[in-house]
Amino acid sequence: MDDNPIVGFIGCGKMAQAILRGLIQGFVTPSANIHVYDRNEHSRDVAKEIGCHVHSNNKEVAKAANVLMICVKPKDVEAVLTEIATSAGTDTVVVSIAAGVQISTMQKCLVKNARIIRVMPNTPCLVREGASSITGDPDATEEDMKIVEHIMSALGTCVRVEEHLVDAVSGLSGSGPAYVYMMIEALADGGVLCGLRRDDALKLAAQTLIGGARMVLESGKHPGELKDEVCSPNGSTIRAVRALEERGLRASLINAVVASKERCEELGKK
């Protein structure tokens, strides 16, 4: 695996900025190896301040990079890929973070045997606590996958999935931060109702979710087992668990994931 890949960014909005900062802070590659173009002047200025090479068009970035991140809106992906097709060639790993744009669609825009990898990130990548998936086309090599896996792991957790599961990833971790924010808000509201100050309640609620998540990831225990360890016989926590079960917390979260996944499928057909 290339220790210092030359990475290009076409589009440098918030998610792209999070990825390029992760590349630098995670020691994946230095800013001198990052090439950027964005139509927005402010985005170009941000990239320049970080120390990246800022170009005047997409083709220049495609020619400079051996890993090319396509970070534009889904509606613009096909036009951008068509524009840079001859500049990228088969030696470039083309990585798209656009939701709903399938690999087969991208293949039609690029040269034959183009190496394409599709990434589904989420917004906590902005604080390097993301949960992302990567999916490669048949021409993407194991080395290509490892490079992109290394890039996304600098921003949090990264897993490999087959493309037919990308919409499920979107429903779970892509939309998941919204579910978590609602849980934090609701827990904080409960704390306020019980007399806590709002700022204290928010801190306690947010940290409780962080702590619970870390316990799951680091202990290796099933969430149900960890829940049972908090619930003493006829105690306050098991009473609270009963209240959550009566209101359908589990079913609501399961249904939320499915609803988001189904909407992604609908959008992918348009």
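The legends below describe close-up views of a predicted model. Local features need pLDDT of at least 70 and side-chain atom pairs count only at pLDDT 80 or more, while totals for chains, interfaces and linings use all residues. Residues are numbered from 1 along each chain as its sequence is written, and side-chain values use heavy atoms, with hydrogens and water left out.

**View 1. Helix 8 and its packing partners.** Helix 8, a DSSP run (H or I, at least four residues) numbered from the N terminus, covers residues 176-193 and reaches 26 Å from its first C-alpha to its last. Its buried residues (under 20% relative accessible area, 1.4 Å probe, protein chains only) are G176, P177, Y179, I184, A188 and G191. These buried residues pack, with contact meaning heavy atoms within 4.5 Å, against helix 7 (166-174), helix 9 (198-219) and helix 12 (249-268). After helix 8 comes G195, whose phi is positive, near 110°.

**View 2. F9 in the largest nonpolar core.** A nonpolar core is a set of buried Ala, Val, Leu, Ile, Met, Phe, Trp, Tyr and Cys residues joined through side-chain atoms within 4.5 Å. The largest has 34 residues, of which F9, M69, I117, I151 and M152 touch the most other members. Beyond its neighbours within four places in sequence, F9 is in contact with residues including L20, V36 and M69. Apart from this core lies another, of 22 residues, among them I10 and V72.

**View 3. L244 in helix 11.** L244 belongs to helix 11 (residues 236-246). L244 counts as partly exposed because its relative accessibility is 43%, which falls between the limits of 20% and 50%.

Terms used: Helix = DSSP H or I, 4+ residues; strand = E, 2+ residues; numbered from the N terminus. Expected span 1.5 Å × (residues − 1).
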